[in-house]
Amino acid sequence: MMGVLGSSSSSLAITVVLGLILNAVVCYGGTSSNYSRTAFPTYNNTDMPVDSEAFYVPPGINSPQQVHITQGDHVGTAIIVSWITPTAPGSNIVLYWSTQENGTKIQLAEATIGAYRYYNYTSGFIHHANISNLQFNTKYYYQLGEGQYARTFWFVTPPAPGPDVPYTFGLIGDLGQTYNSNGALAHFQLDPLNGQTVLYLGDLSYADNYPFHDNVRWDTWGRFVERSAAYQPWIWTVGNHEVDWAPELGEPVPFVPYSHRYHTPYEAAGSTAPFWYSIKRGPAYIIVMAAYSAFGYSTPQYSWFNQEVLKVNRTETPWLIVLMHPPWYNSYHSHYMEGETMRGVYETTFVQNKVDIVFAGHVHAYERSIRVSNILYNITNGLCTPMKNLSAPVYFTIGDGGNEEGLSNAMYFPQPYYSASREASFGHGILDIKNRTHAYFAWHRNEDGYDVISDSLWLTNRYWYPTDDSN
């Protein structure tokens, strides 16, 4: 009996200790918002009809449409201008000029013109022009098309790369083309801070959710985002809805619509494919990764990344930011642990090179982590609990653009300790880099006023403040 009682006491003690440990490690997470979204029509995840006013069609049967820009080189002195003419090639000339330079000299760039077929769909004529040798920190105007149907837009080049150059990025992911999407894009555009450049976190049109991957929905999406993407460079990340691999439709090649429509400056970054690449923009060095291309050891992406991360000069571009689609740290039921394979391959390199921030989408909600890593785990030692690590990034999930699949409402409880803030609402993020040491991040919920911040924090740079524990 004494032995039994002693054993029971020991078991009770062990249980109490384990409970305390679990409370310390698991239960004391951050905040889980219980915010309740307003009802229809504010919350409507139905795709807008193809004739919606949000899908602006310019006058003239062959006027340039679906205009969008992205960075065209590695440092920010070039822009890729892309557009589509529906029924005929039209002019392939881009006229551009700046009123900030001495005299208004109109210059021109020539675009390549292509098209593609996908199942029973034939695209319009897709134009891509690289405007190069631009001046830093300068506003340029550009004109597409001819005669009465010519259209004029503008953009501003970034400042030269430098450690204390302020710069602001907008963050949008998983946008789609629903009524919620329309609200999300309007909310972002009316944000007082807005963003000088959009970091787009994958999943664009969701055309693959339609029968036969209806590529008309690529056209409507291109017209939808033109109101921002023709004026602000959007830096593209590939998501799972861009794969469009459908051998049952006779489409055995992945990424066909995306690859034809959205170009990236991958060659300038020494990459071998347009899905993974890097750019400098002001004080930031941004590396875009492709989770839906081969990324394991000995693949081209792996070799490129491990060389690329060593090129980053943190005295010139102190903020090292990585974009990907599926998050590595996620406490929602949706897509839980889908990023584990990629995390296992790359996380140690992230920590060793002091990546500051990782932005992801995929999960249709918002979440922010503490600085955390799981690099000790080697499948045999059992050390599989993520641990706070001051050399690790802060991970953000911003997959809450508003697409037809709706919100990821189901969360795991208790909230993991590495999850600092989470909410299943639609919104956007703003990263405002102040200087080499400090940046301010804010997440804005769609239903709030444009200047209302729902979650925020100050970030300190891992290279310049490696031991700061405030974020």
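Begin by selecting Gly176, which lies in the loop between β11 and α2 of this predicted model. With a relative accessibility of 0%, Gly176 counts as buried, because buried means under 20%. If you display its surroundings and set aside residues up to four places away in sequence, you will find that Gly176 touches Ser181, Tyr200, Asp203, Leu204, Ser205, Tyr206, Trp221, Phe224 and Asn403. Pick out Asp203 from that group: Gly176 and Asp203 are 27 residues apart in sequence, yet their C-alpha atoms are 7.3 Å apart in space.

Stay in this loop and select Asp174, which is also found between β11 (167-172) and α2 (179-189). Is Asp174 buried or exposed? Its relative accessible area is 0%, so Asp174 is buried. Look at its backbone as well, where phi is near 55°, a positive value in a residue other than glycine. Most residues other than glycine have a negative phi.

For a second example of such a backbone angle, move to Asn133, whose phi is likewise a positive value near 55° in a residue that is not glycine. You will find Asn133 in the loop between β8 (125-131) and β9 (139-144). Here the surroundings deserve a check, since Asn133 has a relative accessible area of 69% and is therefore exposed, whereas Asp174 is buried.

The next stop concerns a peptide bond, so select Phe413 and Pro414 together. The bond from Phe413 to Pro414 is cis, and its omega is near 0°. Most peptide bonds are trans. To place this pair in the chain, note that Pro414 is found in the loop between β20 (394-398) and β21 (419-423).

Now turn to Ser293, which has its place in the loop between β15 (284-288) and α5 (300-308). Which residues is Ser293 in contact with, once its neighbours within four places in sequence are left aside? They are Phe255, Phe275, Trp276 and Gln301. The relative accessibility of Ser293 is 14%, and because the limit for buried is under 20%, Ser293 counts as buried.

From single residues, go on to the nonpolar interior. The largest nonpolar core has 82 residues, and the members that touch the most others are Trp221, Trp234, Phe350, Phe359, Phe396, Leu431 and Phe441. Trp221 may be familiar, as it is among the residues that Gly176 touches. Select Leu431 and show what lies around it: beyond residues up to four places away in sequence, Leu431 touches Tyr167, Thr168, Phe169, Leu171, Ile321, Ile357, Phe359, Ala439, Tyr440, Phe441 and Leu459. A second, separate core consists of 18 residues, including Ile69, Ala111, Ala129 and Ile131.

Finally, zoom out until the whole protein is in view, with its six helices and 24 strands. Along the principal axes, the C-alpha atoms fill a box of roughly 100 × 50 × 45 Å. A compact globule of 471 residues would have a radius of gyration near 23 Å, and the protein has 23 Å, which agrees. Of those 471 residues, 55% count as buried. Among contacts between residues at least 6 apart in sequence, 72% join residues at least 24 apart.

Switching to a surface display, you are looking at about 18,900 Å² of exposed area, of which carbon and sulfur atoms supply 57%. If you then colour by charge, there are 23 positive and 38 negative charges to find, and their mean positions are 7 Å apart.

Technical notes. Residues numbered from 1 in each chain as written. Predicted model: local features only at pLDDT ≥ 70, side-chain atom pairs only at ≥ 80, totals over all residues. Heavy atoms only, no water. Helix = DSSP H or I, 4+ residues; strand = E, 2+ residues; numbered from the N terminus. Rg over C-alpha atoms; globule rule 2.2 N^0.38 Å. Buried < 20%, exposed > 50% of the residue type's maximum accessible area, 1.4 Å probe, protein only. Contact = heavy atoms within 4.5 Å. Areas by Shrake-Rupley, 256 points an atom, 1.4 Å probe, with all protein chains shown as cover. Lys, Arg positive; Asp, Glu negative; His and termini not counted. Charge placed at Lys NZ, Arg CZ, Asp CG, Glu CD. Core = buried A, V, L, I, M, F, W, Y, C linked by side-chain atoms within 4.5 Å.
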